[in-house]
Amino acid sequence: ILNTGRLAIVNTNGNRLAETTTPGEMVGEMPFIFDLKYVVYITAVEDSRLTVLGRDEFEAACQLYPDDAMALRRGAMKAIEALNIENEDEDKGGKKGKAKS
C-alpha cells in the first residue's frame with residue numbers, strides 16, 4: 001500500500017504499464033486475489049514509503065472488510081479486462097496486411 005512517493009508498474013520486459021502517486025493505492029495485490037504468480041514488478045520512481053502486507057495479513061483484512069475486498073476484486077477484474085483488450089488490439093495491429101487462410 002503506497003503511503004507516499006511514486007511507483008511504476010512494469011512488466012517482465014521492463015515496459016511501464018502504469019504509475020501511481022495516490023496515497024492508499026494498493027499495488028501487487030493480484031497474486032493474492034487470484035492466487036497467481038507475479039507477472040509485473042513494482043519500481044519506486046522516487047523515494048517512497050509503503051505498508052507491506054503478507055498473504056496472511058491480506059486475507060485477514062479481507063475477512064474483516066468483505067465489502068472492500070469485493071471492491072478490490074472488481075477493480076482487479078477491470079484491470080485484467082483492460083489489459084486483455086489492449087493485448088487484443090496489439091495483436092490485431094501486428095496482423096495488418098496479412099491474409100487469412
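In the predicted model, the backbone nitrogen of Arg6 lies 3.1 Å from a polar atom of the Ser48 side chain. The side chain of Ser48 also reaches the backbone oxygen of Glu46, at 2.8 Å. Ser48 is placed in strand E3, which spans residues 40-50, and Arg6 belongs to the set of residues in contact with Ser48 once neighbours within four places in sequence are left aside, a set that further includes Leu2, Thr4, Gly5 and Leu7. Along the chain Ser48 and Arg6 are 42 residues apart, yet their C-alpha atoms are separated by 6.2 Å in space. With a relative accessibility of 27%, Ser48 counts as partly exposed, because the partly exposed class lies between the limit of under 20% for buried residues and that of over 50% for exposed ones.

The protein chain as a whole comprises 3 helices and 3 strands, and these elements follow one another from the N terminus in the order β-β-α-β-α-α. Of its 101 residues, 16% count as buried. When contacts between residues at least 6 apart in sequence are considered, 60% of them join residues at least 24 apart.

Two residues of the strands that precede the helices in this order, Asn11 and Thr20, were examined in the same manner. Asn11 is found in strand E1, which covers residues 2-11, and is buried, its relative accessible area being 18%. The side chain of Asn11 reaches two backbone nitrogens, that of Asn13 at 3.0 Å and that of Asn15 at 2.9 Å. Beyond its neighbours within four places in sequence, Asn11 is in contact with Leu17, Val39, Val40 and Tyr41. Val40 and Tyr41 fall within the residue range 40-50 of strand E3, and Leu17 falls within the range 16-20 of strand E2.

Thr20 lies in strand E2, residues 16-20, and is likewise buried, with a relative accessible area of 6%. A backbone nitrogen, that of Thr22, is reached by the side chain of Thr20 at 3.3 Å. Not counting residues up to four places away in sequence, Thr20 touches Leu2, Gly5, Arg6, Leu7, Glu25 and Val27; Leu2, Gly5, Arg6 and Leu7 also appear among the contacts of Ser48.

Gly24 is situated in the loop between E2 and H1 and is exposed, with a relative accessible area of 54%. Outside the residues up to four places away in sequence, Gly24 touches Ile1 and Leu2. The C-alpha atoms of Gly24 and Thr4, which are 20 residues apart along the chain, are separated by 8.6 Å.

The second largest pocket encloses about 280 Å³ of space. Its lining consists of 13 residues, of which Ile1, Val27, Gly28, Thr51 and Val52 are the closest to the pocket centre. By character, the lining divides into 10 nonpolar residues, 2 polar residues and 1 charged residue. Two of the residues closest to the centre recur in the contacts described above: Ile1 is touched by Gly24, and Val27 is touched by Thr20.

The largest nonpolar core is made up of 6 residues, namely Phe32, Ile33, Phe58, Cys62, Ala69 and Ala76. Helix H1 (30-34), helix H2 (55-64) and helix H3 (66-94) each supply at least two residues of this core. In soluble globular proteins, nonpolar side chains tend to be buried together. Within the core, Phe32 touches Phe58, and its further contacts, residues up to four places away in sequence again being excluded, are with Tyr38, Leu53, Gly54 and Arg55. Of these partners, Arg55 and Phe58 fall within the range given for helix H2.

Technical notes
Residues numbered from 1 in each chain as written. Predicted model: local features only at pLDDT ≥ 70, side-chain atom pairs only at ≥ 80, totals over all residues. Heavy atoms only, no water. Core = buried A, V, L, I, M, F, W, Y, C linked by side-chain atoms within 4.5 Å. Buried < 20%, exposed > 50% of the residue type's maximum accessible area, 1.4 Å probe, protein only. Helix = DSSP H or I, 4+ residues; strand = E, 2+ residues; numbered from the N terminus. Contact = heavy atoms within 4.5 Å. 1 Å grid on protein atoms, 1.4 Å probe; cavity = no way out; pocket = protein on both sides within 12 Å on 5 of 7 lines; lining within 4 Å. Points joined across faces, edges and corners; volume = space filled by probe spheres on them. Nonpolar A, V, L, I, M, F, W, Y, C, P; charged D, E, K, R; others polar. Polar contact = N/O pair within 3.5 Å; in protein donor to acceptor, adjacent residues only side chain to side chain.
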